[in-house]
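User: Could you take me through this structure step by step, with the reasoning behind each answer?

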Amino acid sequence: MQKATRAFLLHSRTRIRFLLATAALVALFSRPAFPAEDAVPQPKRVLYLNSYHKGYRWSDEEERGFLARIREGSKDAEVSFEYLDSMRFDFEKLAPSLAESLSIKYALYRPQVIVTADNRAYDFIAAYRNRLFPGVPVVFCGYNNFSPDILKETGNVTGVNEENDVRALVALALRIQPELTTLAFIASTADETNRRLYDSVVRDVFPTYRTGYNLVVLKDETAEEIRSRLELLPRTTAVFLTGQTVDTENGRPLTSEQSASLITQMGDFPCYTFWDFHLGNGALGGTLITGYDQGAAAGDLALQILAGKPASSIPVLMKTPVTVTFDWERLVHFRIRESTLPAGSVILNQPRSPWAVWPLQVGGMALLILSQTAAILMLLRIVSRRRRELAEAEEKRIALEKRAEERMAELTAANERLKIASETDPLTALANRRAFSRKLDQEFARQKRAGGLFSLIMLDIDHFKRFNDTYGHLEGDECLIKVAAVVADAVRRPYDLAARFGGEEFIAVLPETGMDGALKVARRIHEGVLALKIPHATSETNGYVTVSVGVVTAVPFRAEKPLSLVDMVDGVMYRAKNSGRNRIETADLSRETENAGNPT
């Protein structure tokens, strides 16, 4: 019995040892190689594709806003940046090589989300995602005028729409400047964004405002062309920066900032815009879409995806974030009161006192200075007061003298500008009748004392009323400008004067000039006008614009007064008109004879 009991216990112990060893082996091979609490977390990889280049203000702001949101919402996000540089280089040619480069670079580094900034980057990913990053969710921002149709060919995409509301911008301008009568739109079609803005002007603005306002579109023009057209517009004009000039620099188009800076200097007009980077370059303000807001919104969407939410389940933000923003200096320049601005408007560059900016620092500094100087001021009060009074009196004297000198210089310059403006014909840039009369009196008196010769040339554009009736007053003005240029070119000496006498009549003063010299000048004018070959279908004289010219040469002491010579040359010119026009007639009073010229 005892032997049997011992054998049973021995067998039981052996079985127990076997079971414990088996359990130990299972536990050993089933536990992980590293404890879960010691595992190294993998970073959340984000690929940020920038359409442009580092240093471009708009895309830099998008990047800044995106990073601000990502750093706030995720401590382990690892962002890689790639720049397509599509503004400065031919992107269509570079795209395949860029795709090949990214294929190599990210072959073993797969991002969890791709963020595209602006249209070029999104279009690039739409074309190459299946090859480079199949299935990776995409967040876009800065995409101009997004349409849901864009997502038909792709999936797992969300983003932020960037849409400019031109009609809202015009309404804002008219609200704060109801006196406006002319709306001028700078338009261009060089890229998709500007083409869409131009289409919006035609589609949304013209039907609403064409009846009450003069609408002007300056499309695909150079800075000089825009300048010449803006000079013809009234002061009650607002300019809308919905595009840019076609000028280039070093073979590349100007940046939007460079273009805006040029345009805002072309006349004293308020310029409204959609983009914050135009402020500080002369723009007044507008309904601004900021790169920072676009990037920040994209960052919020990217954080949702990194948290596990599918991009396809996140709706596209169709309402573009905008801020009504103005530049303080431009508001002051155009005398626009802050009370007329919409509620909540942001005003940049508004002066602020140091106390408002740093109240604690300024207060503490003031208290420290007062406490340290109180004893000294008490001891030196009498002496310092006297010295201060003398110093202030001297400073005031110097300041008054300096201000008086500056004021005198300003008045002298203003008077000179007024003098020039008052003696210049605004259309032709020749001297006007006032300047002619002054010059005539001066030279008549001078030649009268010296006993020298004195000549006048007067010309009239033949059948000019018919020209205006046939081609319109704008073409008539252009004709006057061209004829005036011929007259100015013919009257070459620095002491001669060419002037617009009135309407289509021009006159030239030629001191110390006899009939031979005056006749040479008259022929240059006559032949120069014919050489212009300006069509004149209703002229009875010639198929082109012609002029009738009268030339008078006299010795001033034989004439009673200067105006008598004007009457004489006027009569000689009308003799040319009555003799068939398109000819030169002369009267040489210095020899008391008259010679008739032949039509040319």
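Analyst: Before we begin, contact here means that heavy atoms lie within 4.5 Å, and the model we are reading is a predicted one.

User: Which strands and which helix do the buried residues of H2 pack against?
Analyst: Helix H2 covers residues 57-73, and its buried residues include Trp58, Glu62, Phe66 and Ile70. These buried residues of H2 pack against strands E1 (44-50), E2 (77-83), E3 (113-117), E4 (138-144) and E5 (157-162), and also against helix H9 (291-306).

User: What length does helix H2 reach from its first C-alpha to its last?
Analyst: Helix H2 has 17 residues, and at 1.5 Å a residue the expected span is 24 Å. The model comes close to that expectation, since the reach from the first C-alpha of H2 to the last is 25 Å.

User: How are the rings of Tyr52 and Tyr56 arranged, and are these residues buried or exposed?
Analyst: The ring centres of Tyr52 and Tyr56 are 5.1 Å apart with 75° between the planes, and because planes over 60 degrees apart count as edge-to-face, the pair takes that name. Buried means under 20% relative accessible area, and Tyr52 has 17% while Tyr56 has 9%. The pair is therefore edge-to-face, with Tyr52 buried and Tyr56 buried.

User: Why is the pair of Tyr209 and Tyr213 called edge-to-face, and what is the exposure of Tyr213?
Analyst: The centres of the Tyr209 and Tyr213 rings lie 5.9 Å apart and their planes meet at 65°, so the pair is edge-to-face. Tyr209, at 12% relative accessibility, counts as buried, whereas Tyr213, at 25%, counts as partly exposed.

User: Which residues do ring pairs link into a cluster?
Analyst: The structure holds 21 aromatic pairs, and the pair of Tyr52 and Tyr56 is one of them. Ring pairs link these two tyrosines into a cluster with further residues, and its members are Tyr52, Tyr56, Trp58, Phe274, Trp275 and Phe277.

User: Which rings do Arg45 and Arg252 lie over?
Analyst: The charged end of Arg45 is 4.1 Å from the centre of the ring it sits over, which belongs to Tyr109. Arg252 is 4.6 Å from the centre of the ring whose face it lies over, and that ring belongs to Phe89.

User: How is helix H15 oriented to helix H16?
Analyst: The axes of H15 (residues 464-471) and H16 (residues 473-490) come within 7 Å and cross at roughly 135°. Residues making the contact include Phe464 and Tyr471 of H15 and His473 and Leu480 of H16. Because of the crossing angle, H15 is described relative to H16 as oblique.

Methods. Residues are numbered from 1 along each chain as its sequence is written. This is a predicted model: local features need pLDDT of at least 70, side-chain atom pairs count only at pLDDT 80 or more; totals for chains, interfaces and linings use all residues. Side-chain values use heavy atoms; hydrogens and water are left out. Rings of Phe, Tyr and Trp (its six-membered ring) pair if their centres lie within 6.5 Å; planes under 30 degrees apart count as stacked, over 60 as edge-to-face and the rest as tilted. Buried means under 20% relative accessible area, exposed over 50%, partly exposed in between (1.4 Å probe, protein chains only). A charge sits over a ring if NZ of Lys or CZ of Arg is within 6 Å of the ring centre and within 35 degrees of the ring normal. Helices (H or I, at least four residues) and strands (E, at least two) are DSSP runs, numbered from the N terminus. The expected span of a helix is 1.5 Å times one less than its number of residues. Axes are lines fitted to C-alpha atoms, for helices over the stretch in contact, and angles run from 0 to 180 degrees between N-to-C directions. Angles under 35 degrees count as roughly parallel, over 145 as roughly antiparallel, 65 to 115 as roughly perpendicular and the rest as oblique.
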